Every structure is written in structure tokens, then in C-alpha cells.
Amino acid sequence: MSYIKESVSQYKKQIFTGQFFKFIEAVLELMIPVAMAVLIDEGVAKGNQSVVLRNIGYMVLLSIVGVLCALVCQVIATKASVGMAQKMRNEVFEQINKLSSEDLDEIGTNSLVTRLTLDINNLQDSLAMLIRLVVRSPFLAIGSIVMAVLLDINMSVVFFVTIPLIVLIMFLVLRIVAPRFTYLQKHLDRLSRRVDETLLGTRVIRAFSQEQNRIDEFQKDARLYEQSAIATGKISALLSPLTSLVMNLGIVAVLVFSGNRIQANEVQVGTVIAFIEYLVQIFLQTAVVANLVIVYTRAYASARRVEELMTLSPSVKDVRWQNEEIQKDKPINLEFKNVGISFSSGKPALKNISFTLNPKETLGIIGGTGSGKSTVARLILRLFDLSEGEIKLSGKDLKDIPLKTLRSYISYVPQHARLFRGTIKENMLLSNPSASDEDIIKALKDAQADFVFTNEEKLNFFIEENGRNLSGGQRQRLTIARALVKPHDILILDDAFSALDFATEARVRKTLKEKQGNKSYIVISQRISTVMHADKILVLDGGEPSGLGTHEELLKTSRVYQEIQATQGAGV
């Protein structure tokens with residue numbers, strides 16, 4: 001728990017100060033029953049008006065000072081807990097952005113969201129409780145025992161019977177409840193995942209009339225969470241009534257035990273009332289301590305999940321320049337040497353991939369679904385790290401190049417057009433924050449995104465979440481434009497023309513060819529018409545190379561390419 005300890009230790013000053021004020025409040029609270037006993041025994045019983053007024057004023061003063069101390073502590077606890085939670089969220093979000101795609105897939109989006117929100121909320125509550133109650137409640141409980149014993153040691157026998165009973169009840173309840181909080185968090189992750197899948201796939205679900213099936217599946221998961229939560233709640237709920245029962249039995253015992261002693265003048269009424277006040281305080285604070293244990297049990301489960309995430313070492317590690325940097329004034333070339341990669345399943349996704357991409361060249365990559373085309377692009381960006389072989393950029397191994405530097409040379413159009421909520425301009429600036437309006441307009445025109453200029457809002461047109469107010473072709477053209485806004489040496493088009501008609505695709509390819517200069521292009525597609533004009537074409541089959549050459553050469557040498565051409569011949 002090194003990360004959690006370090007996060008909490010940054011608020012040592014606030015923890016100490018807040019607990020100090022709570023300690024003062026607790027001390028003052030312990031003094032009030034004594035003042036009450038004096039008021040009754042020395043004032044009311046003897047008719048001494050001055051003693052009554054003096055003790056009333058004393059009790060009011062103690063209450064006012066106690067409330068002020070509580071308010072100061074509350075402010076300190078709120079600032080510290082909210083501050084720690086905010087800092088944690090920032091750091092967790094930063095850590096998430098450092099993880100590779102493989103890491104994110106392994107943990108799961110919904111689990112990450114739960115850790116970023118609910119788990120950190122639990123830790124926030126636990127720090128607030130640490131400052132406000134962890135010192136106050138045990139001190140009040142122990143202090144009440146001491147004060148009660150000092151008042152009357154004979155009646156204190158009640159404590160030695162009731163307190164062990166309460167401790168036993170707490171131990172049994174918490175021992176059963178504690179492990180259940182971890183299961184509750186897992187059930188919540190499953191519910192979140194179910195909601196996320198349904199919202200993202202709502203069109204598919206409705207197209208196949210599967211709404212009721214999804215509702216049934218969600219209700220099944222919700223029932224599991226409900227049953228687990230109810231079972232945990234039922235057991236937790238036993239704590240309060242059982243402790244209250246023991247407390248009330250203790251009060252009855254005190255009243256019965258002290259009745260005859262009051263008649264015999266062995267103890268005064270004020271002392272009995274003060275004793276009962278301390279007895280009630282002991283039971284109340286014991287219940288608070290029990291609830292604190294539940295809060296910290298839940299917080300511990302959350303802390304483990306956050307700690308696991310924060311101590312996870314990214315599978316793709318960033319580096320600093322160790323040797324001579326790439327000379328920026330020279331054209332960039334890319335080289336794959338026997339590259340292979342295997343994911344967690346152990347089955348190779350790519351194997352023995354070799355090619356060289358020189359400046360001014362265009363490389364086409366083609367193959368069937370699942371042949372590893374997009375994986376090649378992700379390896380170049382180091383979204384994954386290869387398992388064997390090496391990839392070099394202008395003679396430098398990719399693993400020796402800082403990620404920010406590496407990706408500054410490359411612009412990327414992803415396979416799935418992903419746009420963010422905001423204006424068109426804001427989406428374009430994601431790739432190049434310093435781009436001017438003229439740069440953006442030029443990129444939009446090159447990407448054939450003319451629909452932007454027919455809209456009254458133009459660059460200020462607002463894109464809804466996931467670009468749902470745009471067609472697939474419009475989204476794809478905007479992602480191409482976003483890539484063109486960024487200065488680059490290598491442009492990767494990962495199936496970037498799949499949603500475009502042949503005429504629009506041809507215009508985009510023509511524009512890119514005219515403005516290629518010293519840049520290199522990697523065009524990934526399942527269409528021969530998209531890659532056939534490339535300088536060289538890599539054919540993939542099941543993650544392995546099935547040919548490398550020009551369109552004409554592959555028609556003679558590659559069986560896979562011949563099959564693709566035969567099925568797409570009419571469109572070539």
C-alpha cells in the first residue's frame with residue numbers, strides 16, 4: 001500500500017490538527033456529565049441557586065467551545081479529504097493514460113471507471129473519518145470508562161459484563177461482513193460493464209430485437225448485486241440493535257443496582273445520572289467504532305484496487321534519449337526485421353514481418369479480417385511492444401526513442417473513426433494544438449470534408465459524443481483531416497477509406513499523392529483498389545507475410561493476393 005500511504009502522509013499536518021481539535025472537543029464532552037452531577041447534587045438537591053447557575057453557565061461554555069472545535073475539525077477534514085481525492089483522481093487518470101492498450105484491455109474500462117470514482121470516494125470518506133472520529137470515538141469510550149469508575153467503582157461492574165459482549169458482537173459481525181465488500185465491488189464492475197456494452201451497442205441490439213434479452217441479463221446481474229448487498233446489509237444491520245440491546249440492559253442494571261443505594265444514601269442521584277450518561281456515551285462510541293471498522297473495511301478493498309492500478313508497470317515503457325537523437329532535417333525511414341507479437345492468449349498475432357519503408361514511398365497492407373493489419377500500425381506507434389524482432393526508425397530501435405518523440409513523426413487515422421464531444425475545431429486541434437484556422441481548413445479540404453463549409457457554424461459545428469450527429473463517411477473524413485493537421489513524416493491510414501465511396505476515396509488518394517513530398521504513407525485496407533497503386537504491398541495471412549511487392553508482382557506470386565483480386569475483380 002505504498003501509494004496509499006504516501007497519498008495520506010501528505011496530509012499529516014491536517015490529520016494532526018484536526019484530531020487535536022476533536023480531542024479537545026472530546027475532553028470538554030467528558031466534563032459535562034460531571035458538571036451535571038454537581039448541579040443536581042450540590043445545587044438542585046440543596047437548593048443552592050448560585051451552584052445551579054454557575055454549573056449551567058459552565059456547561060453552556062463547554063458546549064460552545066466544543067462546537068467551535070468540531071466546526072474547525074470539520075473544515076480541516078473536508079479540505080484534506082477532498083484535496084486527497086482530487087489529487088488521487090488526477091494521478092490515477094494520468095496512470096491510465098500511461099498504460100498500453102493491452103493493459104487497458106486486461107483491466108477493463110468499467111473497472112477503471114469504478115476505481116476512478118467509487119473507490120476513490122471510499123478513500124475520501126475514510127480520510128475524513130480518520131480526522132473526525134478515529135481519535136474522538138475511542139478516547140470518549142475509554143475516557144467515559146475512566147470517569148465512570150472515578151464516580152462510583154461499585155457500579156462499574158456493569159462495564160465489565162456489557163463491554164466484552166459488545167466487543168464480541170462487533171467481532172462476529174465484522175468478520176462475516178468484511179470479505180463481502182470486495183465481492184460487492186466486483187458485482188458493481190459487472191453491472192457497469194453490462195450498461196456500457198448496452199449503450200455502445202444499442203443500434204445492434206435494436207437491429208436484432210435483443211432489447212428484452214439485454215434487459216433480462218442486466219436484471220440478472222442486478223439481482224446478484226442486490227442479493228449480495230442485502231445479505232451484507234442484513235448482517236451489518238445486526239450490529240446496531242444488538243449493541244443497543246446490551247446498552248439498555250446495562251442502563252436497567254445500573255438503575256436497579258443504584259435504587260437501594262440511593263435510599264441508603266450511599267450514592268446521590270446526580271452521580272447516577274452522570275454514570276448513566278457515561279454508560280450511554282460508551283455504547284454510542286462503541287457503535288461508532290464498529291461503523292468505522294465497516295467504513296475502513298470497505299476502504300481497504302478500494303485501496304487495494306487503486307494500489308493495484310497505481311503500481312502496475314506499463315507494458316510499454318517510455319525512455320529518455322540515451323544515444324544520438326534522430327536528425328530532424330533528414331527524411332525518416334522505417335524498417336521491420338522479423339517482427340512478431342503474441343498477446344496474453346499466447347497465439348502469435350504477427351510473425352516474421354519484414355519490410356522497409358523509405359521516404360516518398362507508399363506501403364499498402366492488405367489481408368483478410370484478423371490477419372494483423374492494424375496490429376502493424378499499433379506496433380509502429382508503440383501502442384503494443386513486439387515480442388520478437390525489431391523495428392527501427394531511421395536506424396534507431398523504437399524502444400530507444402521516447403514515445404512523445406516517436407509519435408511526433410507519425411500521424412494516424414484509426415480503423416474506427418473516433419471523434420470527441422466538442423466543436424470540429426476542437427477535434428482538429430487534438431492532433432496539433434498550435435494549428436491555425438487556415439491549417440485546419442486546408443486539411444479539411446484535402447480530406448474532402450466539404451460538408452463542413454456548407455454548414456453555417458463551419459469550424460464551430462458541435463460534434464456530439466462519438467460523433468453520433470454525423471454519418472460514418474463524415475466521421476471518417478474528419479479523422480483523416482485531423483491526421484493531416486498534424487505535421488508528420490509517416491502517415492498511417494488504417495482502413496481509413498472503408499466508409500467512403502470510390503469517387504471520394506480516389507480524390508483523397510490523389511490529393512495525398514500530390515502533397516506527399518518526402519513523407520511516407522502506410523495504407524491499410526481490405527480493398528485492392530485502395531492499395532494497388534502503392535509502391536509496395538504487404539500481404540498478410542493469419543498474421544504471417546504472404547507476399548511483398550507491387551500489384552503486378554503479387555498477382556503472379558501471392559496466392560492470397562490472387563484470391564482477394566478474384567473476389568474484388570469487378571471493383572478493381
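Which residue in β12 is the bridge partner of L538? It is L548. This is a predicted model, and that pair is a good place to enter it.

L538 belongs to strand β11, residues 536-541. Five bridges join β11 to β12, and the two strands run antiparallel. Both strands sit in an open sheet of six. The order is β6-β9-β10-β3-β11-β12, and the pairing is mixed. At the edges lie β6 (410-413) and β12 (544-549), each of which pairs on one side only. Neighbouring strands are turned by 15° against each other on average, with direction ignored. Strands of a sheet pair through backbone hydrogen bonds, either parallel or antiparallel.

Now look at the helices around this sheet. Helix α16 lies across β6 and β9 (490-494). Its direction makes about 175° with that of β6.

Helix α20 spans residues 559-568. Its buried residues are V560, Y561 and I564. Seen down the axis of α20, these residues fall within an arc of 100°, so they line one face of the helix. What do the buried residues of α20 pack against? Three of the partners are strands of the six-stranded sheet: β3 (362-367), β11 and β12. The others are helices α18 (528-531) and α19 (551-557).

Next comes the nonpolar interior. The largest core has 42 residues. Within it, L444 and L478 touch the most other members. Helix α16, residues 472-485, supplies the largest share of this core, with six residues. So α16 appears twice in this account: it lies across β6 and β9, and it gives the core its largest share.

L444 shows how contacts in this region reach along the chain. Leaving out residues up to four places away in sequence, L444 touches M428, A449, V452, F453, L459, L478 and A481. L478 is thus one of the contacts of L444. A second core, separate from the largest, holds 33 residues. Among them are F336, A349, A377 and L381.

The other sheet to trace is also open. It has four strands in the order β2-β1-β4-β5, with antiparallel pairing. The edge strands are β2 (348-357) and β5 (396-397), and each pairs on one side only. Inside the sheet, five bridges join β1 to β4. L334 of β1 has L393 of β4 as its bridge partner. Strand β4 covers residues 388-393 and pairs with β5 over two bridges. In that pairing, K392 is matched with D397 of β5.

Helix α12 (residues 373-380) packs on this four-stranded sheet. It touches β1 (334-342), β2 and β4. The direction of α12 makes about 115° with that of β1.

Some backbone angles deserve a stop. The hairpin of β4 and β5 has two residues between the strands. There, S394 takes a positive phi near 50°. N352 lies in strand β2. Its phi is near 55°, a positive value in a residue other than glycine. N352 is partly exposed, with a relative accessible area of 37%. K458 sits in the loop between α15 (437-446) and β8 (462-463). K458 is not a glycine either, yet its phi is positive, at about 50°. Its relative accessible area is 40%, which makes K458 partly exposed.

Turn now to the cysteines. How many disulfides does the structure hold? The count is zero. A disulfide is a covalent bond between the sulfur atoms of two cysteines. For C69, the closest cysteine sulfur is that of C73, 9.2 Å away, which is too far for a bond. C73 is likewise in no disulfide. Is C69 buried or exposed? C69 is buried, with a relative accessible area of 8%. C73 also counts as buried, at 0% relative accessibility.

One last stop is I142, in helix α6 (residues 136-151). Is I142 buried or exposed? At 53% relative accessibility, I142 counts as exposed, because the cut-off for that class is over 50%. I142 and Q281 are 139 residues apart along the chain. Their C-alpha atoms are separated by 9.9 Å.

Definitions and conventions. Residues numbered from 1 in each chain as written. Predicted model: local features only at pLDDT ≥ 70, side-chain atom pairs only at ≥ 80, totals over all residues. Heavy atoms only, no water. Core = buried A, V, L, I, M, F, W, Y, C linked by side-chain atoms within 4.5 Å. Buried < 20%, exposed > 50% of the residue type's maximum accessible area, 1.4 Å probe, protein only. Contact = heavy atoms within 4.5 Å. Pairing = 2+ DSSP bridges. Axes fitted to C-alpha atoms, helices over the stretch in contact; angles between N-to-C directions. Arc of directions from axis to C-beta. Disulfide = S-S within 2.5 Å.
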